[in-house]
Amino acid sequence: MKPFTSMGTSVIVRLEVDVKQVSFIDIATAVSKAQGDIVAMDVVQSSNEETVKDFTINTKTRAQIEEVVQNLESLSGVKIVTVSDRTFLSHIGGKIEMRPKRPIQNREDLSRVYTPGVATICEAIAKDPYKAYKLTIKRNTVAIVSDGTAVLGLGDIGPYAAMPVMEGKAMLFKQFADVDGFPICLDTKDTDEIIETIVRMAPAFGGINLEDIAAPRCFEIEQALRERLDIPVFHDDQHGTAVVILAGLLNALKIVGKKIEDCKIVVTGMGAAGVACTKIILSAGAKNVIGVDRDGILSRSVTYENPVWEEVSNMTNPYDVQGQLADALVDADVFIGVSRGGILKREMVKTMAKDPIVFAMANPQPEIDPEEAAGLVRVLATGRSDYPNQINNVLCFPGVFRGAFDCRATDITEEMKVAAAHAIASIITDAELNEQYIIPSVFNDKVVKRVRDAVVDAAIASGAARKTPRDKRKKETV
């Protein structure tokens with residue numbers, strides 16, 4: 001398998017250069033020997049004898065940056081002044097901020113937004129708490145809550161280290177759907193404490209986005225919050241992943257000419273994402289889904305201590321297949337992996353049905369190397385950006401919350417999630433659809449609006465909506 005390449009690393013290296021000893025070609029050669037690229041150069045100061053320049057250098061890995069620095073240090077007549085990582089620079093002071101919508105320029109402005117004018121607003125909300133949606137930030141603000149126990153591919157790194165991820169999530173909410181997100185990282189792993197904390201702070205928010213909370217605790221937290229709160233609660237690691245996988249699967253099935261209700265689908269990795277994928281695929285019409293975890297196939301004939309596994313086993317594997325992953329894959333039409341790298345072997349793929357579909361979502365190493373799967377798999381999707389068909393949650397959560405907020409939904413129902421998946425899938429037309437393009441780009445400007453509209457329609461139909469947005473009211477009267 002080719003080595004995993006992330007977005008790469010970009011640094012700004014400030015060099016003090018003796019112009020009589022060193023040329024630009026010397027510097028460029030030293031950088032290129034470490035497989036780096038100079039993408040920009042700025043002169044800080046200059047004289048006849050020496051110059052100080054900032055070189056912006058891109059590499060694929062951090063190890064290559066170290067090699068670049070070593071190569072530059074070896075040049076006679078070059079002194080390294082500073083090395084600044086552009087990713088670190090973009091995080092200095094955090095990535096988000098809060099600004100007032102209106103300036104306070106005089107005493108009258110002050111009296112309107114604060115005392116004494118604000119008292120009348122407080123009294124109005126005290127009489128009718130629902131007015132908080134109209135008169136405060138609640139209508140458009142989501143709490144992005146994590147305990148830092150399952151962060152990206154980093155695992156349990158704690159609440160402080162989780163903050164950059166939650167800030168990034170807030171940026172995505174605002175950029176893609178104009179939803180205001182506030183990162184909240186809780187310094188506790190106690191399930192009851194997390195639940196109670198979120199319940200107590202809920203009056204300020206229109207929705208709760210749970211993020212990077214380890215299984216199985218995440219299931220209990222989400223379920224309790226959905227029962228106790230009248231605002232949408234969405235665990236993106238579960239449902240965002242499931243929605244986008246379903247969207248990709250719907251389009252992949254079009255390519256191979258199969259219907260979801262006729263397919264045998266194997267899901268491996270019965271954690272947060274795997275369980276959510278299983279449930280949404282069943283909701284979308286699948287009849288034969290088999291769940292597999294490290295101990296093998298989940299079976300109805302086995303009683304599990306894990307209540308989530310017990311629930312999943314009772315709704316899947318209708319023919320009570322026994323054994324391990326290899327046994328489950330015989331004649332399977334679809335493999336969905338949200339587990340660990342390298343577990344899907346070529347020999348297993350060869351036993352699958354004609355035109356197999358494989359979603360290998362483990363990161364950074366997928367369940368099967370895409371190069372290894374070539375020639376065996378008809379449609380392949382991964383969670384990586386350096387292969388076609390990347391499954392990315394950004395396709396889901398901004399539009400889902402935009403829709404939920406616009407209709408003031410009390411919940412995000414299974415119908416709303418399935419509708420979001422169909423909306424994402426629909427963006428790719430039949431003329432565009434092919435094995436290398438089953439899922440739209442996160443930068444496709446149709447995504448959020450189409451997901452939002454589908455979510456609103458599904459919320460109204462399922463009774464989760466407390467209001468009908470103006471655009472939907474107009475549509476209904478036409």
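Which residue is the bridge partner of Val43 in strand 3?

**View 1. Pairing of strand 2 with strand 3 in the predicted model.** The bridge partner of Val43 in strand 3 is Lys53. Strand 2 and strand 3 (residues 50-59) run antiparallel and are joined by eight bridges.

**View 2. The open four-stranded sheet and the helices lying across it.** The strands follow the order 2-3-1-4 with antiparallel pairing, and the edges are formed by strand 2 (37-46) and strand 4 (78-85), each of which pairs on one side only. On average, and with direction ignored, neighbouring strands of this sheet are turned by 20° against each other. Helix 1 (residues 24-33) lies across strand 1 (9-18), strand 2 and strand 3, and runs at about 140° to strand 2, whereas helix 2 (residues 62-73) lies across strand 1, strand 3 and strand 4, and runs at about 160° to strand 4.

**View 3. The largest nonpolar core around Ile281.** This core holds 109 residues, of which Ile198, Ile208, Ile265, Ile281 and Phe359 touch the most other members; its largest share, twelve residues, comes from helix 10 (residues 236-256). When neighbours within four places in sequence are left aside, the contacts of Ile281 are Leu249, Ile260, Ile265, Val267, Ala286, Val289 and Ile336. A second core, separate from this one, has 20 residues, among them Ile297, Ala328, Met352 and Val377.

**View 4. Gln365 in the loop between strand 13 and helix 15.** The loop that holds Gln365 runs between strand 13 (357-360) and helix 15 (370-373). Gln365 counts as partly exposed because its relative accessibility is 40%, a value that falls between the limits of 20% for buried and 50% for exposed. The C-alpha atoms of Gln365 and Leu380, which are 15 residues apart along the chain, are separated by 14 Å.

Notes
Residues are numbered from 1 along each chain as its sequence is written. This is a predicted model: local features need pLDDT of at least 70, side-chain atom pairs count only at pLDDT 80 or more; totals for chains, interfaces and linings use all residues. Side-chain values use heavy atoms; hydrogens and water are left out. A nonpolar core is a set of buried Ala, Val, Leu, Ile, Met, Phe, Trp, Tyr and Cys residues joined through side-chain atoms within 4.5 Å. Buried means under 20% relative accessible area, exposed over 50%, partly exposed in between (1.4 Å probe, protein chains only). Helices (H or I, at least four residues) and strands (E, at least two) are DSSP runs, numbered from the N terminus. Contact means heavy atoms within 4.5 Å. Two strands pair if DSSP finds at least two bridges between them. Axes are lines fitted to C-alpha atoms, for helices over the stretch in contact, and angles run from 0 to 180 degrees between N-to-C directions.
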